[in-house]
2 protein chains.
Amino acid sequence: AEDLYPTRLADGEMMTLRKDPVLWSDWDESAPITKSEAEHYAEKGYLVRRDLFSKDEVGVMIETSRKLREQGQRIRAEDLITEPESEAVRTIFRLEEHSDLFDRVARDERMAGLARFLLGDDVYIHQSRLNYKPGFTGKEFYWHSDFETWHAEDGMPRMRAVSASLLLTDNSALNGPLMLIPGSHLTFIGTQGETPDANHESSLKKQEIGVPSQETLKRLAAEAGIDHVEGPAGTVIFFECNTLHGSNGNITPDPRSNAFFVYNAVSNASAEPFAAKSPRPDYLANRGTPKAIQPVKGSFGEA
Amino acid sequence: AEDLYPTRLADGEMMTLRKDPVLWSDWDESAPITKSEAEHYAEKGYLVRRDLFSKDEVGVMIETSRKLREQGQRIRAEDLITEPESEAVRTIFRLEEHSDLFDRVARDERMAGLARFLLGDDVYIHQSRLNYKPGFTGKEFYWHSDFETWHAEDGMPRMRAVSASLLLTDNSALNGPLMLIPGSHLTFIGTQGETPDANHESSLKKQEIGVPSQETLKRLAAEAGIDHVEGPAGTVIFFECNTLHGSNGNITPDPRSNAFFVYNAVSNASAEPFAAKSPRPDYLANRGTPKAIQPVKGSFGEA
């Protein structure tokens with residue numbers, strides 16, 4: 001396939017204009033978001049929904065995530081990431097395969113239906129995970145575009161994916177909230193530096209390849225500022241696959257946890273990597289023939 | 001001298017009630033702060049002043065700190081700390097010895113006079129420094145009470161000192177602001193773990209001895225919350241020597257810099273360490289006979 005977004009360049013960073021729409025559907029009154037939300041998403045590259053789930057539903061998700069974490073040892077090793085300096089569970093990949101509840105959440109109309117609207121296509125899960133960022137020792141996650149990695153290492157051809165981060169803890173400005181550079185999704189930053197073999201083995205703990213230069217980040221942040229998302233558990237942040245984001249470390253006692261689902265358009269399935277020798281493993285990038293999600297209506301809190 | 005605040009304990013953490021006043025002067029209308037500011041300081045353990053210096057004065061201090069940092073190589077090595085993973089200047093100790101301007105600032109009525117009121121005594125500088133916390137890679141500083149270290153390792157007998165942190169960059173919630181646990185100054189936390197030899201050589205980069213347990217921090221933060229200070233350059237935070245504080249790392253492009261002066265009462269001069277074999281070096285703890293500061297009135301911006 002043609003490479004619209006060259007990256008992992010030997011000779012230096014290269015900025016190119018986005019060649020894809022941001023909002024792939026025309027808004028009308030039947031849309032799952034308001035017109036101003038649609039405009040915000042198109043312009044800023046993200047959208048925050050604070051009222052998607054009931055208190056009961058949020059409670060069930062928190063309880064389920066707590067149990068999953070406790071049972072971390074039982075989960076197959078390839079789906080598990082632990083903190084660099086301890087054995088604490090940091091990430092559980094392929095979340096929907098380890099939990100009926102989160103499988104239901106991933107297919108929920110409020111999540112998958114909204115993603116389908118944003119992407120103007122049937123959707124499937126490209127990647128999913130449950131993240132735990134402990135209090136006191138939670139590490140930072142440096143600025144990056146998810147699409148840059150998915151394009152380079154997973155072979156995702158176009159910018160037609162959206163991440164949904166569902167908060168499972170309250171998030172304040174002080175406990176490592178998601179920070180985003182608004183409008184950054186409109187430019188693709190082809191990064192400097194070729195992809196090492198098995199880059200994901202280190203990049204999941206600390207990303208050093210595939211990140212923009214400090215000079216570029218400085219300029220973008222000076223122009224557009226840095227947004228961050230505060231909110232109670234249950235808040236969902238939909239952010240476009242090319243929006244630059246990161247989070248600070250966290251010495252407060254308050255942990256940060258979220259469930260993370262990447263929805264990709266079925267027409268945008270991953271093929272051969274554009275800038276890596278071999279594709280990343282299945283737990284990071286769903287590579288089979290995409291199976292479209294049939295969104296499920298109704299609540300699940302009472303179960 | 002009698003040890004009112006035992007710490008660095010072999011057998012476990014031990015909490016004792018503060019045995020010293022917080023505000024050592026009686027407030028009246030001649031005080032340099034309002035009555036409600038005095039009450040806030042007594043109750044919370046810190047006080048923020050946003051209007052002490054003129055725009056010109058702040059500009060001169062920023063410019064002076066920039067030059068000091070650039071000339072870091074010329075400063076004597078013992079007064080210099082660099083970032084763990086780079087050579088960038090992180091801290092310049094004995095700031096007033098390296099800069100006439102900051103010597104003037106340290107003796108300014110608005111700083112030293114205010115400290116003299118809070119401490120009810122003549123004051124001298126126990127420690128001073130210029131701190132740089134760069135953007136992108138600024139490291140966290142974990143929760144601690146300054147007094148715990150000064151008592152254990154410098155032999156400061158009583159809680160009769162106050163730190164003044166003068167911001168030289170704008171500080172937001174996202175670029176590693178000072179966080180404080182309000183009210184924590186009313187309890188002394190004797191920490192678990194004996195002091196290693198030359199502990200300051202590692203504790204300045206990453207403090208691991210002399211810090212409260214996670215359990216205790218969790219309880220204190222749950223009871224009182226965590227305050228943080230946002231403000232433009234020129235903001236000054238006076239915090240009581242036993243107030244627990246720390247700061248998160250910072251991946252934003254915005255650096256954090258401040259000038260830091262510890263005022264101690266002349267009647268509270270350091271003697272033999274209470275919980276270390278030998279005292280820390282002079283750049284960390286002024287140990288001679290205290291020389292009282294004569295506060296200087298007037299502005300310095302036009303010079």
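**Exercise 1.** In this predicted model, find which residue lies over the face of Tyr132(B), and at what distance from the ring centre.

*Solution.* Step 1: look above the ring of Tyr132(B); the residue over its face is Arg69(B). Step 2: the distance from the ring centre is 4.5 Å. Step 3: turn to chain A, where Arg129(A) lies over the face of Phe260(A), at 4.2 Å from the ring centre.

**Exercise 2.** Classify the ring pair of Phe53(A) and Phe300(A), and state where the two residues lie.

*Solution.* Step 1: the search of the whole structure gives 14 aromatic pairs over all chains. Step 2: one of them joins Phe53(A) and Phe300(A), with 5.9 Å centre to centre and 55° between the planes. Step 3: planes under 30 degrees apart would be stacked and over 60 edge-to-face, so this pair is tilted. Step 4: Phe53(A) is in the loop between strand 2 (46–49) and helix 2 (55–70) of chain A, while Phe300(A) is in the segment after strand 13 (256–265), 247 residues apart. Step 5: Phe53(A) is buried at 10% relative accessible area, and Phe300(A) is buried at 6%.

**Exercise 3.** Determine the sign of phi at Arg8(A) and at Phe136(B), and decide whether each residue is buried or exposed.

*Solution.* Step 1: recall that most residues other than glycine have a negative phi. Step 2: Arg8(A) has a positive phi of about 60°; Phe136(B) has a positive phi of about 70°. Step 3: Arg8(A) lies before strand 1 (14–17) of chain A, and Phe136(B) in the loop between strand 5 (123–133) and strand 6 (141–144) of chain B. Step 4: buried means under 20% relative accessible area, so Arg8(A), at 5%, is buried, and so is Phe136(B), at 6%.

How values were computed
Residues numbered from 1 in each chain as written. Chains lettered and ligands numbered in written order. Predicted model: local features only at pLDDT ≥ 70, side-chain atom pairs only at ≥ 80, totals over all residues. Heavy atoms only, no water. Helix = DSSP H or I, 4+ residues; strand = E, 2+ residues; numbered from the N terminus. Buried < 20%, exposed > 50% of the residue type's maximum accessible area, 1.4 Å probe, protein only. Phe/Tyr/Trp six-rings, centres within 6.5 Å; stacked < 30°, edge-to-face > 60°. Lys NZ or Arg CZ within 6 Å of the ring centre and 35° of its normal.
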